[in-house]
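Here is a short set of exercises on pairs of charged side chains. Work through each task with the structure open, then compare your steps with the solution.

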Amino acid sequence: MPVPEPVPRPGPRASGRPPYAVCAALLLLLTGCAAAGTAPGPTAVRTGAHAPTGSTGAAGPGAAAARGPAAPTGPREIRMLGQVVRSAIPAESRQALVVTGNSPDSSEATAVLYTRDDPTVGWQPAVGPWPAHNALYGWTDEHWVNDLRTPIGVYGLTAAGGLLEAPGTELPYVQSPAFTVSGEGFDGESLEGSFDYVIAIDYNRVPGASPLDPTRPLGEDRGGGIWLHVDHGGPTQGCISLPEDRMEELLRILDPAKVPVIVMGDGAALAR
């Protein structure tokens, strides 16, 4: 597959076709990169202060006021996620990878995998936090091809693939030389090995199809080919990247029977 020559990193107001970076090697098959999401946060439980007692040991007259209202109880939610984002997570999902961007315009983020094996207990952090990268110019609520931003939202994780053999995963996995990539990223870093492992993010694609499937239900101009892939040490065009050992770990953990999703966006977006 032909690989375009690397070009200098664009400035913050650059327009037109983005410079060569991760996902670029497959632009003949995949147009752009995009995805997003959100999820719930843990419910704090307040304990009331002890009211002073009299000589008989009974609570004093101000006991009820001192204790305050009863604290809410129930399954734990995912910390930092607002109600709008929480409601977007399917009720049947028991795995949620939450990727939180440092700011709306930052290309750096943190990923934590939460599990909900017991609905009565709620969400629990399982692995992480892990360092991650997102798109060069940060995040967007409305992704368009070549905007160099990662779409905000909650999306399914239903298929995987890569240049290397599957490290052991329950997800459908396609091994192919089409995942070969070379050249340099936005910071001059090597892109080689970035697609050794990928997990397709179900933004503008057919869930369950190969990550290489070019179908774009929302149209080509809305981008696509948004993946989780191996980190190359710099911003992406729209994907989320994780260290290679973390990608291997994630592939082993994700279980289609648990309806895994990715919840992603900057902190303010996730708090909606």
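**Exercise 1.** Find the acidic partner of Lys258 in a salt bridge, and say where the two residues lie.

*Solution.* Start with the rule: a salt bridge is a side-chain nitrogen of Lys or Arg within 4 Å of a carboxyl oxygen of Asp or Glu. Lys258 meets it with Asp117, whose closest O atom is 3.5 Å from the N atom of the lysine. Next, place them: Lys258 is in the loop between α3 (244-253) and β11 (261-266), and Asp117 is in the loop between β2 and β3 (124-133), so the pair links parts of the chain 141 residues apart. Helices (H or I, at least four residues) and strands (E, at least two) are DSSP runs, numbered from the N terminus. Finally, Asp117 is partly exposed at 48% relative accessible area (buried means under 20%, exposed over 50%, partly exposed in between; 1.4 Å probe, protein chains only).

This is a predicted model, where local features need pLDDT of at least 70 and side-chain atom pairs count only at pLDDT 80 or more, while totals for chains, interfaces and linings use all residues. Residues are numbered from 1 along each chain as its sequence is written, and side-chain values use heavy atoms, leaving out hydrogens and water.

**Exercise 2.** Describe the salt bridge between Arg149 and Asp105.

*Solution.* Their closest N and O atoms are 3.2 Å apart. Arg149 sits in the loop between β4 (139-140) and β5 (150-151), Asp105 in the loop between β1 (95-101) and β2 (108-115), so the contact ties together parts 44 residues apart in sequence. Arg149 is partly exposed at 23%, whereas Asp105 is exposed at 53%.
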